[in-house]
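Q: I have a structure open here and would like to go through it with you. Could we start with one strand pairing and move on from there?

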Amino acid sequence: MSVTGEAARRDVTGAFEALYGTAPQGVWAAPGRVNLIGEYTDFNDGFVMPLALPHTAVAAVSRRDDGLLRLHSADVEGGVVLDVAALAPLRGDLGWAAYPAGVVWALRAAGHPVTGADIHLASTVPTGAGLSSSAALEVVCALALNDLFGLGLSRPELAVLAQRAENAFVGVPCGVMDQMASACAIEGHALFLDTRDLSYRQVPFDLAAQGLRLLVVDTRVKHALGDGAYAERRAGCEAGARALGVRSLREVPYVQLPESLARLSEESVRRYVRHVVSDNHRVERTIALLDAVDAAAVGPVLTEGHASLRDDLRVSCAELDLVVEAANAAGALGARMTGGGFGGSAIVLVTEERAESVAAAVEKAFAGAGFAAPGIFPAVPSAGARRV
Ligand code: ADP
Ligand code: MG
């Protein structure tokens, strides 16, 4: 089993000094995440349950007071120098720098006096794998600037500003789950988040103590379909809520699902509503099982969630379906796609004894199907953003 992206942590302090000629005032880290359960629920005011990965974006940062924002990433050639007062959303030409620049813009737009910074970033979060390398970048910058400028913002406030950066500045219509996970997660726990009011609870998720492992399988594919499909599902969910006379699908109780579905005329909207309402319920079932220290029983809930994403929401793909099928056939407790779908990653819950053979079975199935070899690594519930 390989640990994707866990190459030795780069020396961001040394790189910062080489670039900017002085030592950074501090170094911060923020993790990527996987979502255990609750998918496409965060734009319906619903429940999600992500956990932070050991993979992090790390930033060496010093504040500046002359209005300049200088950005480098160890993973990208060249740097960017920007005037903070001239930052404008949706420029389109900033590339990766739009994520950190967007955070500075969002902080300033909210009235916080961020007067510039030197930032050098490096990340071990695989990009574009559905593991939120983008949220890790945003949150690490938000936390660093919060500390250096003494802004006193809470973790949820930083997450919301980071989301705002991605939505309004970069132009990606993501929910708030990724940023909340990166900002608020703690080691050994999953984060049960109610996206209606951002209240959350840390749910103990000590896999090792229960003889279990959660594998992340990065399919290494990203099908182009994704962007339009996300907007279409979102619009469909909003249409469903309107037709049912509720503010969001979160307001539809699971017990009222059959009668609610009977009131919907559009076939696709019916499927989307069934997915969202049942996935919210799956989050609640998962919490009950984790509270009862019965994580193994979460397996079938994951597989049920996958079927719902595949058949009702229709956001899966051949590679993700194959992970779930091959893992379960090889004796996994359960599996599902995680994140937005159309590629990206899946998760597999498995006993420690079977972890190696299930991973091997997934690799073999991919080879047999002519797919590129997946990246497989254990998701150890890790700490959220912090100063290091
Ligand atoms: P995900 O968040 O699932 O990894 P996204 O497409 O949302 O995928 O975000 C990936 C983008 O984030 C990259 O294309 C790049 O612009 C930016 N990014 C992530 N990590 C880094 C990094 N280490 N250095 C520079 N940019 C990065
Ligand atoms: Mg992202």
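A: Certainly. This is a predicted model. Strand β10 (residues 334-338) pairs with β11 in the antiparallel sense, over five bridges.

Q: Which residue stands opposite Val348 of β11?

A: Ala335 stands opposite Val348.

Q: And how many residues lie between β10 and β11 in the hairpin?

A: Four residues lie between the two strands of the hairpin, and in the turn Gly339 has a positive phi of about 85°.

Q: What about β9, how many bridges join that strand to β11?

A: Eight bridges join β9 (residues 212-222) to β11, and the two strands run antiparallel. Within this pairing, Val216 has Ile347 of β11 as its bridge partner.

Q: Is β11 mostly covered or mostly open?

A: Strand β11 (residues 343-351) is mostly covered, with eight of its nine residues buried.

Q: Let us change the scale. What domains does the chain have?

A: The domain assignment gives domain 1 (6-202) and domain 2 (205-378). Taken over C-alpha atoms, the centres of domain 1 and domain 2 are separated by 26 Å.

Q: How many residues are in contact across that boundary?

A: On the side of domain 1, 33 residues are in contact with 41 residues of domain 2. The area buried between the two domains is about 3,100 Å², and carbon and sulfur atoms give 62% of that area.

Q: And the polar side: how many salt bridges and polar contacts are found there?

A: Five salt bridges are found across the interface of domain 1 and domain 2. There are also 21 residue pairs in polar contact across this interface.

Q: Which elements supply the side of domain 1 that touches domain 2?

A: At least two residues each come from β1 (26-35), β2 (47-48), β3 (50-63) and β7 (189-194). The largest share, four residues, comes from β7.

Q: Another salt bridge question: what is the partner of Glu251?

A: Glu251 forms a salt bridge with Arg196, and their closest N and O atoms are 3.2 Å apart.

Q: Now a helix. How many residues of α2 are buried?

A: In α2 (residues 98-109), 10 of the 12 residues are buried, so to speak of the helix as mostly covered is fair. Among the buried residues are Tyr99, Val103 and Trp105.

Q: What do the buried residues of α2 pack against?

A: They pack against the strands β4 (68-73), β5 (79-83) and β6 (117-123), and against the helices α3 (133-148) and α4 (155-170).

Q: And what comes just after α2?

A: Just after α2, Gly111 takes a positive phi of about 95°.

Notes: Residues are numbered from 1 along each chain as its sequence is written. Chains are lettered from A and ligands numbered from 1 in the order in which they are written. This is a predicted model: local features need pLDDT of at least 70, side-chain atom pairs count only at pLDDT 80 or more; totals for chains, interfaces and linings use all residues. Side-chain values use heavy atoms; hydrogens and water are left out. Buried means under 20% relative accessible area, exposed over 50%, partly exposed in between (1.4 Å probe, protein chains only). Two strands pair if DSSP finds at least two bridges between them. Domain bounds come from an automatic or database domain assignment. Contact means heavy atoms within 4.5 Å. Buried area is the accessible area (1.4 Å probe) that two parts lose on being put together, summed over both. A salt bridge is a side-chain nitrogen of Lys or Arg within 4 Å of a carboxyl oxygen of Asp or Glu. A polar contact is a pair of N or O atoms within 3.5 Å; within protein, one must be able to donate a hydrogen and the other to accept it, and residues adjacent in sequence count only if both atoms are side-chain atoms.
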